[in-house]
Amino acid sequence: MSFLLSGGTLRRVIVTAAAAIAATVGAAIAQSPPAAEQPFSQGVEVHSQAAPIIQGVSVTGNQRIEPETVGSYLPLQAGMPADPELLDLSLKTLFNTGLFSDVSLEMQPNGVLLITVKENPIVNRVIYEGNKRVKDDKITEEVQLTPRAIYTRAKVQADTQRIIELYRAKGRFAAQVTPKVTPLDQNRIDVIFEVDEGPKTGIAKVNFVGNQVFTDSQLRGVVLTKESRWWRFFGSNDNYDPDRLEYERELLRQHYGKEGYADFQVVSAVAELTPDRKNFFITFTVDEGPKYTVGEVRVKTTLAKLDGETLERFVPIKQGETFNSEKLEKATESITFATGATGYAFVDVNPQLQRFEDTKTIDITFQVNEGPRVYVERVNIKGNTRTLDKVIRREIRIAEGDPFNRVLVDRSRARIRSLGFFKEVEIEEKPGSAPDRTELDVNVEEQSTGSFSIGVGVSSTDNFIIDFSIQERNLMGRGQALTFRVQASSRTRLVDLQFNQPYFLGRNLNAGFSAFNQRTNFREAGFVRNRIGFGLNTGFFISEYGRGGISYLLSKDDVTVDIESALTIAGGENPADILLPGAMFTAEPATRPMLDDNGAIVLDDAGNPVFEPDLDENGVQRISVTAEQCDFLQLALTPTCQSRGDFLTSLIGLSLSFDTRNDPIRPTRGWRVGGSVRFAGLGGDVNYYQGEMTGAVYNPLLFGLVGALKGRAGYIEGYGGDDVRLSDRFFEGASSFRGFEVAGVGPRFLTSGGPIRDAMGNITGQLPTEREGSLAGQAIGAKAYAIGSAEILIPLPLPDEYGIRAALFSDFGVVGLVDDSTKILNNDPTLFIDTDGDGIGDLAPVQDDLAFRVTAGVSVSWDSPFGPVRFDFAEIIRKEEYDRTEGFRFSAGTNF
């Protein structure tokens with residue numbers, strides 16, 4: 001007798017086995033004594049003899065899989081009866097492994113169970129053909145079949161459906177996917193998915209039924225799905241997505257809920273495909289319900305330390321105003337934070353609404369009770385492929401075993417985000433091993449922390465300014481910051497090395513050092529500074545939101561004025577009389593262009609000006625004296641020349657800052673404030689003290705806007721008989737005061753014209769009295785400034801993934817104050833500027849008006865694929881006549 005069991009003949013084999021058992025029983029009865037002589041109990045023996053005993057198990061047909069592996073899946077083994085039910089279970093078990101495409105079981109005459117298998121092939125390659133809109137890597141992330149995986153029909157069918165779903169999410173509902181298999185040797189195959197993407201299925205119309213309060217156009221602005229239009233080629237919301245449609249039901253509920261319609265509901269949301277399968281009609285059927293106002297607002301609590309009246313102060317809902325479901329959520333959040341800050345880690349805030357149909361009002365009662373105690377069992381860090389766990393854990397404000405506290409969890413998320421190492425940070429709660437235990441999963445998504453940045457600026461004076469730097473803010477995943485910056489531009493050459501170690505020596509202490517060499521051409525102030533220095537710094541937390549710091553800087557400055565000037569004196573004068581002792585100069589007869597009777601310059605045959613001797617009032621040819629600008633007695637007292645020389649600065653600084661913003665990257669509420677004090681004079685040649693403060697307040701406004709009010713202020717003063725050097729003063733403008741050039745706002749030394757010469761003595765230009773509507777001259781820096789900025793973030797009708805943001809801004813403030821020694825030139829009326837052409841100077845050469853300036857404009861930023869890009873468009877509202885302005889500034893960078 002033999003049993004043959006396979007997937008396709010399972011039912012027939014069971015019947016055959018039953019027939020075989022019956023035949024065996026019949027034969028046994030035929031050979032037995034009469035019934036009267038046979039004991040009744042022998043009927044059981046008949047059944048026990050029906051199934052043969054398995055003497056052994058043999059596997060055939062296997063190529064890669066060992067026989068022992070096949071046998072390990074079986075519920076049968078040698079010595080057990082070949083029960084049809086167990087054979088059936090064995091067959092199903094082998095099929096469920098996914099290793100075999102066919103299996104059969106057969107009992108041999110010698111009692112051996114023969115298992116014949118046909119192995120599923122191994123996938124050699126997975127090939128996608130015809131896919132243009134969805135790239136291979138996106139499909140690979142979703143499918144099951146991969147190289148070296150075991151091929152099954154179920155997998156290929158599931159993958160085919162998944163690829164179709166990917167295309168449907170892209171709005172291509174006519175897409176078709178045909179799987180094909182190419183056999184190879186050694187039971188391998190290539191799997192080919194042939195994709196016919198078909199046309200993109202758009203949205204013909206978004207309709208609303210049942211809406212009376214808001215028009216269809218207004219509601220279309222609420223939902224994400226947009227009607228297909230040619231100008232939406234950048235967007236991805238003009239196609240049908242079933243998941244998005246469900247989300248839009250919630251968006252509509254939120255919209256109506258904010259406007260007082262507490263009973264609003266979406267009756268149905270239906271998508272109908274047009275007969276040509278090219279477009280969808282989306283129809284939302286809504287029931288708006290009545291509009292409610294807020295009645296009584298109460299807070300009831302059983303907490304011992306807090307009463308209802310105290311908690312009512314945190315509820316942003318007032319009686320008589322329109323009901324707003326968003327404010328209801330914010331009130332619940334505010335009460336939770338307030339109780340958590342008081343020490344109640346387990347609080348249950350339950351808002352209860354009581355509707356009054358006759359008055360169309362809703363009474364709101366917040367029931368605040370102490371909830372069940374829950375403790376943090378485990379904190380899991382996930383997604384950090386590069387950053388070490390300890391770098392993240394030291395920012396978490398709640399430890400394993402601590403009571404769960406929502407305030408501390410949110411604070412931990414903000415601190416991790418403030419590291420700047422991660423694109424996304426989410427902290428998820430999940431049940432622990434007991435009802436009073438919870439686990440926290442800190443899910444992070446790494447982002448590039450190394451950067452190669454390029455900045456490009458455009459102004460009327462410098463054209464393009466380019467600088468670049470290389471920085472790693474998370475060195476080897478340890479949270480260390482290393483910056484090596486090499487800057488080369490029309491004004492600056494810089495080599496700078498900085499290193500920063502957070503949690504120095506395992507303590508909550510930040511330490512770092514810097515070394516640099518910087519040569520800067522302050523062309524706006526007329527001097528060149530070459531600075532080399534070394535600095536040390538340390539920082540520490542003084543509270544959860546407060547931080548302090550101490551720094552030391554030792555630097556050597558070499559300030560030079562590399563500009564030559566030429567002055568004309570009378571023929572009988574001695575050139576040395578107008579120069580400092582020992583000055584190097586050249587003197588030559590002065591000439592001037594020849595003029596005709598009409599006052600026009602006479603030109604030679606080649607078109608060049610014809611020069612003639614420049615005679616004084618006595619008819620003697622004048623002398624042109626050329627020397628370095630600061631060697632002239634007249635110019636030696638200018639602010640620029642006063643600051644030239646070599647100086648050693650020994651500087652110690654103290655800083656203090658507080659930051660309560662809800663998000664350090666894109667804050668929507670909270671504030672930050674900081675201040676620093678620096679003292680120069682612990683050795684060295686320079687003595688001054690300097691103080692600066694910064695601050696910002698962020699607050700959500702109406703219609704989803706976010707407002708920000710920012711401010712900066714600073715003051716510097718010399719002591720010990722020292723005035724403040726030009727290079728130590730504040731120069732504001734460009735990014736620090738939008739609408740003005742670099743050092744374009746503040747005190748200025750004005751000039752009345754004259755030739756500009758290079759180091760070789762060649763005339764390179766002429767100092768005009770005015771330049772583009774502004775008086776010409778040099779910035780001389782200020783001892784004080786106070787600049788504020790008001791900004792409103794503008795939501796753009798673009799997907800968030802584009803990373804484009806815009807803001808309206810207005811910058812305003814004052815920049816001014818210089819030492820009396822800087823204004824010494826104002827004591828000489830002969831140096832005053834003649835602005836009205838009457839030959840009499842009427843404007844002092846050193847202008848220091850602590851005047852109020854105002855600009856306004858639009859700032860657009862874009863997180864582009866090659867780095868952050870920023871455009872600033874500014875309009876001047878209030879300025880001084882000698883300020884330097886610019887209407888546009890651009891900067892860009894890239895990351896790695």
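## Around helix α6

The buried residues of helix α6 pack against four elements: β5 (122-129), α5 (136-140), β6 (176-184) and β7 (188-196). This is a predicted model, where local features need pLDDT of at least 70 and side-chain atom pairs count only at pLDDT 80 or more, while totals for chains, interfaces and linings use all residues. Residues are numbered from 1 along each chain as its sequence is written, and side-chain values use heavy atoms, with hydrogens and water left out.

A few terms before going on. Helices (H or I, at least four residues) and strands (E, at least two) are DSSP runs, numbered from the N terminus. Buried means under 20% relative accessible area, exposed means over 50%, and partly exposed is in between (1.4 Å probe, protein chains only). Contact, including the packing just mentioned, means heavy atoms within 4.5 Å.

Now back to α6. The buried residues here are Val156, Asp159, Thr160, Ile163, Ile164, Leu166 and Tyr167. Look down the axis of α6 and these buried residues fall within an arc of 155°, so they line one face of the helix (the arc is that of the directions from the helix axis to the C-beta atoms). Turned away from that buried side is a face carrying the exposed residues Ala154 and Gln157.

The length of α6 works out too: its 17 residues (153-169) should span 24 Å at 1.5 Å a residue, and its end C-alpha atoms are 24 Å apart, which agrees. That expected span is 1.5 Å times one less than the number of residues. Just past the helix, Gly171 has a positive phi of about 85°.

## The strands beside α6

Some of those packing partners pair with each other; two strands pair if DSSP finds at least two bridges between them. β5 and β7 run parallel and are joined by seven bridges, with Ile127 opposite Ile192 in β7.

β6 and β7 run antiparallel, with nine bridges between them. In this pairing, Pro179 has Phe193 in β7 as its bridge partner. These two strands make a hairpin with three residues in between, and Gln186 in the turn shows a positive phi of about 60°.

## Two three-stranded sheets

Take the open sheet with the order β8-β10-β9: its three strands have mixed pairing. β8 (202-209) and β9 (265-273) are the edge strands, each pairing on one side only. From one strand to the next, the twist averages 15°. β9 pairs with β10 (residues 279-287) in the antiparallel sense over eight bridges, and Glu272 sits opposite Phe281 in β10.

Helix α8 (residues 242-258) lies across β8, β9 and β10, running at about 145° to β9. Axes are lines fitted to C-alpha atoms, for helices over the stretch in contact, and angles run from 0 to 180 degrees between N-to-C directions.

Another open sheet of three strands has the order β11-β13-β12, also with mixed pairing. The strands at its edges, each pairing on one side only, are β11 (293-301) and β12 (347-356). Here the twist averages 15° from strand to strand. β12 runs antiparallel to β13 (residues 361-370), joined to it by 10 bridges. Phe356 stands opposite Thr361 in β13.

## Helix α12

α12 (residues 406-418) has 13 residues and reaches 18 Å from first C-alpha to last, close to the 18 Å expected at 1.5 Å a residue. Which residues of α12 are buried? They are Val407, Val409, Arg411, Ser412, Ala414, Arg415, Ile416 and Arg417. Gly420, just after α12, takes a positive phi of about 80°.

## Two loop residues

Asn687 is in the loop between β30 (670-684) and β31 (688-700). Its side chain makes a 3.1 Å polar contact with that of Asp722. (A polar contact is a pair of N or O atoms within 3.5 Å; within protein, one must be able to donate a hydrogen and the other to accept it, and residues adjacent in sequence count only if both atoms are side-chain atoms.) Setting aside neighbours within four places in sequence, Asn687 touches Ala680, Gly681, Gly718, Tyr719 and Asp722.

Pro797 sits in the loop between β39 (784-794) and β40 (804-816). Is Pro797 buried or exposed? Pro797 counts as exposed, at 80% relative accessibility. Pro797 and Gly221 are 576 residues apart in sequence, but 9.7 Å apart in space, C-alpha to C-alpha.

## The whole chain

The protein chain has 14 helices and 45 strands. Of its 896 residues, 40% count as buried. Among contacts in the chain with a separation of 6 or more, 60% come from residues 24 or more positions apart.
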